[in-house]
Structure formats: structure tokens, C-alpha cells
Amino acid sequence: MNHTTLLARDFGQETEQQDVATNQSQQMGGELMADLGADQSKIWERVKKRLWASVGEDVFSSWFASMELEEICDGIAHLSVPTRFLSSWITSNYQDRILESFTSETDQVSQLHLTVRVNGKPRATIQQNSTPETAKPEAKTTTAQGLRTGAQHNARIKAGDALSGSALDPKLTFDSFVTGSANEMALAAAKQVAQAAAQGTAAFNPVYIHSSVGLGKSHLLNAIAWAAGAGDKNRNIVYLTADHFMYHFITAVQRQSAIAFKEWLRSIDVLLIDDMQFLQGKSVTELGQALSALLTGAKQVVVAGDAPPRDLDMLDDRLRSRLSGGLVVPIQPLDEELRRAIVEKRAEQAAAKFPGLHIPAPVLDYVARNVLSHGRDLDGAVNRLVAANQLTEEPITIELAEKALHDLLRTRDTRRVKIDEIQTTVAKHFKVSKPDLLSSRRSRSVVRPRQIAMYLSKVLTSRSLPEIGRRFGNRDHTTVLHAVRKVEQLMGGDTGFAQEVELLKRMIEE
């Protein structure tokens, strides 16, 4: 019997237990409510109405119909459910929503305590317990203040499901995104997706955004989440990094709640997955199944990675086909004009925080020309200039910039690229083997990558043409020269080809 069968069997047993326990709960519900004070009974009825209005009839019937309030004591609402499965699922996914419903109705509740009823019977109330120690909650409680604070950074825009997603950054919005020729298509697609999602529809589904590190993928995913959820706080929008997704999946398997995890994934309205390249193992298959279900249900999916779907080796053919069949949008390396715009924007934001701060235009030009790696380094460069000015009161000049940004500039200047790195990167990008790249094969699928690798070896290293030729299967230097001139000719006449070569160059340099 495999692990999936065991999970299905356990879930079936839990479902049978839940059905029996629900019937028992209905039979003894009147007795339980009678034990509550009249005020607490009224509070609980109002809380249930709020939950029903918030999650809808189907979800309420599935998860909350058999949940009962035992008592409210010392600021804690003690709730019970008939099965372990319900307890785990509600705690993981709806705890903050329940608490929010309570705090909206009464100031008597600041914490929740959820337990499993034994044989359909509630535990003794706090007042009946014999010692003060037994009055302490057995399960982990969460304060209302803690949940509200967590919700401010929650990856889900709607209230609830505090453990569902990765944290969103409130600074990463469309307003703070600086656009230029390198990213304007990605920004337009992201805005279209957010606008459609806010109206409950899907656009360009799925959308796959790819670029090297620090060019704005995560910024756009965060911005989509904020914009899509602005109009409807109950829309189920989830932003997940790849490592967070794997954590959820592994935890679900360990706790034997994989079926509940699948149900949660399929309940999402807008799913945003970041750093796709870091997914590993069975979590890739799980994500593929979830994406298929969401796309079939016309739910919006946006994914970001560091390479096009065709170049992510860990994807299976079905998932690769799904992603490639949508809108695949690259973000190109930042040109000097866009770097200058980013630096200027960050300088304006810094000036708003520090009155009197001024970064002269020549300094902004210097940073844009000399910090070439990615957007995060540009942000860091501005932050360093501001810190140097505020701590030393020294005016911001090019001389100060040279001192403050020394390691950023030095990293770029002293980075030594090896021909072996170039060969490995190009072979992986074009899905050819490195031995083929160095062989005498003359098929087009090998010749063009070989020429690009030779060109990059000439541009990025100080090696001579004969040395490069020797590193490519003992070829003559005239062969290398021909390859360099051929690539330069193609780059001059084909913008797409030039962008691809430039992307490879940036990948190797970083």
C-alpha cells in the first residue's frame, strides 16, 4: 500500500468520524448551548453569522457547522470540534478569521483555544476544573493583537489564513516600480492581470515572468497581489515563494493532511509563485497538479523564475507545456537610462524621509554608470549614500560615492569570468551538452550556441583568439574570429537575438 493510498484511507476514516461526530454534535448542541450563559450564546450566534457571510455557505457547512463554543473565560473563547482533522485544518487556515469575527462582536475575547471533543462530548468548563493550572489552554493560542499585526504582512490580501502565504512587502507596489524599455512589457502584463483579477476574471493565463536576479520579478508579483486585492478583501489571493510552497507541502505530508493541502490550493483565486527555479522533488509535481486544477477553473496563475520554462530542468513536460502555453514575458537587463531612473526615484524617496537631503545629478549619473549588476544593488547604493551623509554630515559628492560604493564597484571590476563558465552556461541555455559544444558537429543546433560561446569568451575574458580556439576543441583562431563576427552581425540585425546574447552575458557576469 503506497503513501497516497494511506493518506486517502486516513482521510476517509476522518470523514466518517466527522459525519458521526457531527450527528452527535447536533443531538447534544441544545444541551451545550444551555450550559452557556445567555450573553455568550448570543455572541456565538452572531459570530457564526459573520463566519457564514464571510466564507459562504459551502465552506461554512464543510468546516464550521460542527464547531461549538464551550465557553468564554478570561478573554479566551474555548471552541471544540469533533475530529483531529477539523482541528488541524481550522487552526492552520481559519484561526484569525474566527478571532476577527469574535473581536467584531465583543471585547471579551482576545484569544482562541480549539480542542477535539472526546466521543462527541465537550470537556469540563474552566469553572469546573479543580486547579488553576488546568485552566491553562492546552493548545497554542494567538492574541488578537498578534494576528492583526501578522495580517499586515500576510501574503493573503483577505483576512484569514495567516499561515497560507509568504509575506508581502508594502513598498513593492506598481507606484514604486520604475519602468523602462527593459521591463515595460512585463509591467503592462502585470497591470492587466491585476485589473482582471480585481474584477474576478483571468487574463493571459498563466503568466510567466523571467529574468536574472534583482530585475523586478518579485516586485511585480507583490504589486499584483496588492492591486488585485484592493477592491475585495475576501478575494483569495496567495503569494508564495518556492521554498514556502515546499514547506507547506512537506508539512502536509508529515502531518498526513495532504488532501486538505490540495483542497486549499484549489480554493485560491489568484496564485502567485516566486522563484520557481528553487522547486525540487515531489513539490514540483504537486504544484503542476494544482496549476492544472486552477487553470481549468479559470483561476489566475502568475509564476516568476530566473529562466524561461524551457530551461528549467526540474519541470516535467506537462508543467513546462502549461507554463509555456501562457504568456511568457522576459525582463531584460537594465540599460543605463533605466538604471538612472531607478536611482533618481530612490533618491526622491530618500529625500522625502530626510528633509534637506540632496543627491546631485552628477552623483546619480555616476551611480547609474558604475553599478551595473541589478536593481537591488542600485537601491543599496542610494541607501549607502544616504547613510554616509546622515552619519558624517558630509555632502554627497562623487568622491563620497567612490568611498561608500567601493566594494560594489570593485566586485564588478575584479570579477574574472572563466571560459569553462561560459561554456557551461551557454550549453545549459540552449540545451546542448558541453561535449557537443566542443566537438566537430556541424548541425545548426550546435553551431550557433558554439559561436555565441566563442563570442562571449572574447568579450568577457582577456584570452587571445588562439587560446579560445584551443579551449573549443583545438580550433584555429580564424574559426573563433569568424564566430565573433557572425554573432556581431546577427546581433546588429536581430533585436531578439541581441537581447538573448545580452541576457546570457549578464547571467555569466553575475
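Helices here are DSSP runs of H or I with at least four residues, numbered from the N terminus. The structure is a predicted model. This report goes through its largest pocket, a cavity, two helices and a few single residues.

**The largest pocket**

The largest pocket has a volume of about 1300 Å³. It is lined by 46 residues. Closest to its centre are V213, G214, L215, G216 and R376. Four helices each give at least two residues to this lining: α8 (217-229), α13 (336-353), α15 (375-392) and α18 (419-430). Which helix supplies the largest share of the lining? That is α15, with six residues. By class, the lining of the largest pocket holds 17 nonpolar, 15 polar and 14 charged residues.

**A cavity**

There are two cavities of 30 Å³ or more. The second largest cavity has a volume of about 30 Å³. Its lining consists of L79, I90, T91, Q95, I98, L112 and L114. Helix α4 (84-93), helix α5 (95-105) and strand β3 (111-116) each supply at least two of the lining residues. Five residues of this lining are nonpolar and two are polar. None is charged.

**Two helices**

The table sets out the length check for α2 and α22.

| Helix | Residues | Number of residues | Expected span | Distance between end C-alpha atoms |
|---|---|---|---|---|
| α2 | 38-55 | 18 residues | 26 Å | 26 Å |
| α22 | 477-493 | 17 residues | 24 Å | 25 Å |

For α2, the expected span rests on 1.5 Å a residue, and the distance between the end C-alpha atoms agrees with it. The buried residues of α2 are Q40, S41, I43, W44, V47, L51 and V55. Seen down the axis of α2, these buried residues fall within an arc of 160°, so they line one face of the helix. The face turned away from this buried side carries exposed residues: A38, D39, K42, K49 and A53. After α2 comes G56. Its phi is positive, near 95°.

For α22, the expected span and the distance between the end C-alpha atoms also agree. Which residues of α22 are buried? They are V480, A483, V484 and V487. Down the axis of α22, the buried residues fall within an arc of 95°, so they too line one face of the helix. On the other side of α22, R485, Q489, G492 and G493 are exposed.

**S176 and its contacts**

S176 sits in the loop between α6 (144-152) and α7 (184-198). Is S176 buried or exposed? The cut-off for buried is under 20% relative accessible area. S176 has a relative accessible area of 9%, so it is buried. Its side chain reaches the backbone oxygen of K171 at 2.6 Å. The side chain of S176 also makes a polar contact with the side chain of H219, at 3.1 Å.

**Backbone exceptions**

Most residues other than glycine have a negative phi, and most peptide bonds are trans. Three places in the model depart from this pattern.

The peptide bond that joins N205 and P206 is cis. Its omega is about -5°. P206 lies in the loop between α7 and β4 (207-210).

D275 has a positive phi, near 55°, and is not a glycine. D275 belongs to the loop between β6 (270-274) and α11 (282-296). With a relative accessibility of 23%, D275 counts as partly exposed.

K431 also has a positive phi in a residue other than glycine, near 55°. The loop between α18 and α19 (434-438) holds K431. K431 is partly exposed, at a relative accessible area of 45%.

**V363 and A401**

V363 is placed in helix α14 (residues 361-370). V363 counts as buried, at 2% relative accessibility. How far apart are the C-alpha atoms of V363 and A401? They are separated by 7.2 Å, although the two residues are 38 residues apart along the chain.

Conventions: Residues numbered from 1 in each chain as written. Predicted model: local features only at pLDDT ≥ 70, side-chain atom pairs only at ≥ 80, totals over all residues. Heavy atoms only, no water. Expected span 1.5 Å × (residues − 1). Buried < 20%, exposed > 50% of the residue type's maximum accessible area, 1.4 Å probe, protein only. Arc of directions from axis to C-beta. 1 Å grid on protein atoms, 1.4 Å probe; cavity = no way out; pocket = protein on both sides within 12 Å on 5 of 7 lines; lining within 4 Å. Points joined across faces, edges and corners; volume = space filled by probe spheres on them. Nonpolar A, V, L, I, M, F, W, Y, C, P; charged D, E, K, R; others polar. Polar contact = N/O pair within 3.5 Å; in protein donor to acceptor, adjacent residues only side chain to side chain.
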